[in-house]
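Subject: Structure for you, with notes

Hi there,

Here is the structure I promised to pass on. Please open it alongside this message, as the notes below are meant to be read with the model on screen.

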Amino acid sequence: MNTSRNGNWIDRRSRNRSRAVLLLIVAMFIAPFAMALVLYYTDWQPTHTKNYGEMLKPPRDLRGLELRRADGSAFVWNHEDHTWRVLIAPPENCADSCMRLADALRRIWIGLGKDADRVQVLWVGAAPQIENFSAMVALGDSPALRARLPDRAGSNAIPVYIVDPSGYLVLRYPAAFDPSKLRKDLVQLLK
């Protein structure tokens with residue numbers, strides 16, 4: 001009789017251990033989903049991201065704007081070309097600071113190497129004349145476009161923006177940003 005009691009006790013102990021292992025396995029599979037739901041519904045965002053530019057939330061849709069090139073021809077967003085755009089809307093008469101920014105953007109563009117043809121620089125207003133910078137597109141001044149930008153440019157404070165291939169303004173770089181960080185972000189976006 002003692003053996004049957006010990007046998008039942010061992011069976012019960014083995015069954016409890018099996019249940020515990022099964023519950024542990026189920027918890028390991030359910031925990032990540034539960035955590036993801038909690039983070040999603042609490043709208044949690046990481047404090048540090050890989051990109052240097054500030055993500056605009058929500059992104060601003062620029063597709064509905066009727067933009068014109070400096071020569072008067074229409075500028076059309078073509079998402080099928082997968083071209084990312086760097087947008088600059090400087091104030092009038094920014095002279096030296098505009099020239100420095102345009103030169104920095106040309107250097108970034110050259111540094112992209114084989115991916116440079118997938119980046120275009122949109123300059124709103126009178127664009128500085130930079131040699132060997134075929135990616136720069138001068139747009140006519142557009143008050144409607146300037147109204148959709150989150151920042152106003154000053155003579156020494158010219159913000160820079162990234163526009164995705166579909167025509168949404170997605171990233172903002174503050175005035176006096178580090179151009180090498182913009183290049184790193186573009187490299188990530190072009191992957």
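What follows is a short tour of two neighbouring strands, a cavity and some salt bridges.

Before you start, please keep in mind that this is a predicted model.

**The strands β4 and β5**

I would begin with β4, which covers residues 84-88. Five of its five residues are buried, so the strand is largely enclosed by the rest of the structure. In a regular strand, side chains alternate between the two faces of the sheet. In β4, W84, V86 and I88 point one way, while R85 and L87 point the other way, and all of them are buried. You may want to look at R85 in particular, an arginine among these buried residues.

Two strands pair with β4. On one hand there is β5 (residues 119-124), which runs parallel to β4 and is joined to it by five bridges. On the other hand there is β7 (residues 160-163), which runs antiparallel to β4, with four bridges between the two. L87 is a handy place to see both pairings: its opposite number in β7 is Y161, and in β5 it stands opposite L122. V86, in turn, has V121 of β5 as its bridge partner.

Moving on to β5, the picture of burial continues: six of its six residues are buried, and the strand is mostly covered. One side carries V119, V121 and W123, the other Q120, L122 and V124, and both faces are covered. β5 also pairs with β6 (residues 136-139), again in parallel, through four bridges. V121 takes part here too, with M136 as its bridge partner in β6. If you centre the view on V121, you can therefore follow the pairing to V86 in β4 and to M136 in β6.The connection between the two strands is worth a look as well. Together with helix α2 (residues 95-111), β4 and β5 make a right-handed β-α-β unit.

**The cavity**

How many cavities of 30 Å³ or more does the model hold? The count comes to one, and the largest cavity has about 30 Å³ of space in it. Its lining is made up of V86, L105, I108, W109, L112, V119, V121 and L186. Two elements, α2 and β5, give two or more residues to this lining, and α2 gives the most, with three residues. As for chemistry, the lining has eight nonpolar residues, no polar ones and no charged ones. V86 and V121, the bridge partners from β4 and β5, are both among the lining residues.

**The salt bridges**

Side chains of opposite charge can pair when their charged atoms come close. Searching the whole structure turns up eight salt bridges, and I have picked out a few here.

Helix α2 holds a small group of them. D103, R106 and R107 are linked in a network of salt bridges. Between R106 and D103 the closest N and O atoms are 3.4 Å apart, and between R107 and D103 the closest N and O atoms are 2.9 Å apart. R106 and D103 are three residues apart in the helix, about one turn. R107 and D103 are also separated by about one helical turn, because they are four residues apart in α2. D103 counts as partly exposed, at 24% relative accessibility, whereas R107 is exposed, at 55%.

The other one to find is between E54 and R172, where the side chains meet at 2.8 Å, N to O. This pair links distant parts of the chain: E54 sits in strand β1 (residues 54-61) and R172 in strand β8 (residues 168-173), 118 residues apart. E54 is partly exposed, with a relative accessible area of 42%, while R172 is buried, with 15%.

Happy browsing, and do write back with any questions.

Best wishes

Note on methods. Residues are numbered from 1 along each chain as its sequence is written. This is a predicted model: local features need pLDDT of at least 70, side-chain atom pairs count only at pLDDT 80 or more; totals for chains, interfaces and linings use all residues. Side-chain values use heavy atoms; hydrogens and water are left out. A salt bridge is a side-chain nitrogen of Lys or Arg within 4 Å of a carboxyl oxygen of Asp or Glu. Buried means under 20% relative accessible area, exposed over 50%, partly exposed in between (1.4 Å probe, protein chains only). Two strands pair if DSSP finds at least two bridges between them. A crossover is right-handed if, with the strands pointing away from the viewer, the path from the first strand over the helix to the second runs clockwise. On a 1 Å grid over the protein atoms alone, a cavity is a set of points where a 1.4 Å probe fits but cannot get out, and a pocket is an open set with protein on both sides within 12 Å along at least five of seven lines; lining residues have an atom within 4 Å of a point. Grid points are joined across faces, edges and corners, and a volume is the space filled by probe spheres set on the points. Ala, Val, Leu, Ile, Met, Phe, Trp, Tyr, Cys and Pro count as nonpolar, Asp, Glu, Lys and Arg as charged, and the others, Gly among them, as polar.
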